[in-house]
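Subject: Structure handover and notes

Dear colleague,

I am passing on the structure we spoke of, with the sequence and coordinates placed directly below. Please have it open while you read the notes that come after.

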Amino acid sequence: MPDRSPLIRVTAMPTDLNPYGGVFGGWLMSQMALGAGSLASREGKGKAVVVSASDFAFPGAMQVGDELSVYCDIVATGTTSLTIAAEAVARERNGEAETKVAQGTFKFVLLDENDRPRAVAQWA
């Protein structure tokens, strides 16, 4: 699994389950959006709002009690936007086994103090 630091780490709880007893895909997507948003705000040095989410896949499943780690990378920049790839990896509650459970892409637009799009600053 990834040899990098997660942007977010959280444990799946019983309230995060779907009617069939598995972790709800919408919960996974929201955790991924939180991680990607953290990266967008930090790298964009201010307010960033999600404007699209795409290319989602759920190749694995996780259980209540499993720990979810979300890893993100900036894959493209636009004039006012950052495109971020997110990957969600579950670690079993009582062990070290990890499974990739979701992946997707988020696009964020950076906003100024008046909530208007602002240019992406160039960073090294």
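What follows goes through the sheet, the helix, the core and the aromatic rings in turn.

Please keep in mind throughout that this is a predicted model.

The sheet

Five strands make up an open sheet, in the order β1-β3-β4-β5-β2, and their pairing is antiparallel. The edges are taken by β1 (8–11) and β2, and because each of these has a single partner strand, one side of each is left without a neighbour in the sheet. Averaged over the sheet and ignoring direction, neighbouring strands are turned by 25° against each other.

Taking the pairings one by one, strand β3 (residues 67–77) is joined to β4 by ten bridges, the two strands running antiparallel, and within this pairing Leu68 stands opposite Ala90 in β4. Strand β4 (residues 81–91) is in turn joined to β5 by eleven bridges, again antiparallel, and the connection between β4 and β5 is a hairpin of six residues. On its other side, β5 (residues 98–110) is linked to β2 (residues 48–57) through seven bridges, also in antiparallel fashion. Lys107 of β5 is a convenient place to see both pairings, since Thr83 stands opposite Lys107, while Lys107 is also the bridge partner of Ser52.

The helix

Helix α1 lies across β1, β2, β3, β4 and β5, and it runs at about 50° to β5. One residue of helix α1 (residues 25–44) that may be worth a look is Ser30, whose side chain reaches the backbone oxygen of Trp27 at 2.8 Å. Ser30 has a relative accessible area of 32%, and it is therefore classed as partly exposed, given that this class lies between 20% and 50%.

The core

The largest nonpolar core has 25 residues, and those with the most contacts inside it are Leu28, Met62 and Leu68. At least two residues of this core are supplied by each of α1, β3, β4 and β5, and the largest share, six residues, comes from α1. If the neighbours within four places in sequence are left aside, Leu28 is in contact with Val23, Phe58, Met62, Leu68, Val101 and Ala102, a list that includes Met62 and Leu68.

The aromatic rings

How many aromatic pairs does the model have? The count comes to three. In one of them, the rings of Phe56 and Phe106 have their centres 5.4 Å apart and their planes at 80°, so the pair is edge-to-face, the cut-off for that class being over 60 degrees. This pair links distant parts of the chain, with Phe56 in strand β2 and Phe106 in strand β5, 50 residues apart. Phe106 also forms an aromatic pair with Phe108, at 6.4 Å centre to centre and with 40° between the planes, and this pair is tilted.

As for accessibility, Phe56 is partly exposed at a relative accessible area of 23%, whereas Phe106 is buried at 4% and Phe108, with 3% relative accessibility, likewise counts as buried. Ring pairs link Phe56, Phe58, Phe106 and Phe108 into a cluster, and Phe58 appears as well among the contacts of Leu28 described above.

With best regards

Methods
Residues numbered from 1 in each chain as written. Predicted model: local features only at pLDDT ≥ 70, side-chain atom pairs only at ≥ 80, totals over all residues. Heavy atoms only, no water. Pairing = 2+ DSSP bridges. Helix = DSSP H or I, 4+ residues; strand = E, 2+ residues; numbered from the N terminus. Buried < 20%, exposed > 50% of the residue type's maximum accessible area, 1.4 Å probe, protein only. Polar contact = N/O pair within 3.5 Å; in protein donor to acceptor, adjacent residues only side chain to side chain. Axes fitted to C-alpha atoms, helices over the stretch in contact; angles between N-to-C directions. Contact = heavy atoms within 4.5 Å. Phe/Tyr/Trp six-rings, centres within 6.5 Å; stacked < 30°, edge-to-face > 60°. Core = buried A, V, L, I, M, F, W, Y, C linked by side-chain atoms within 4.5 Å.
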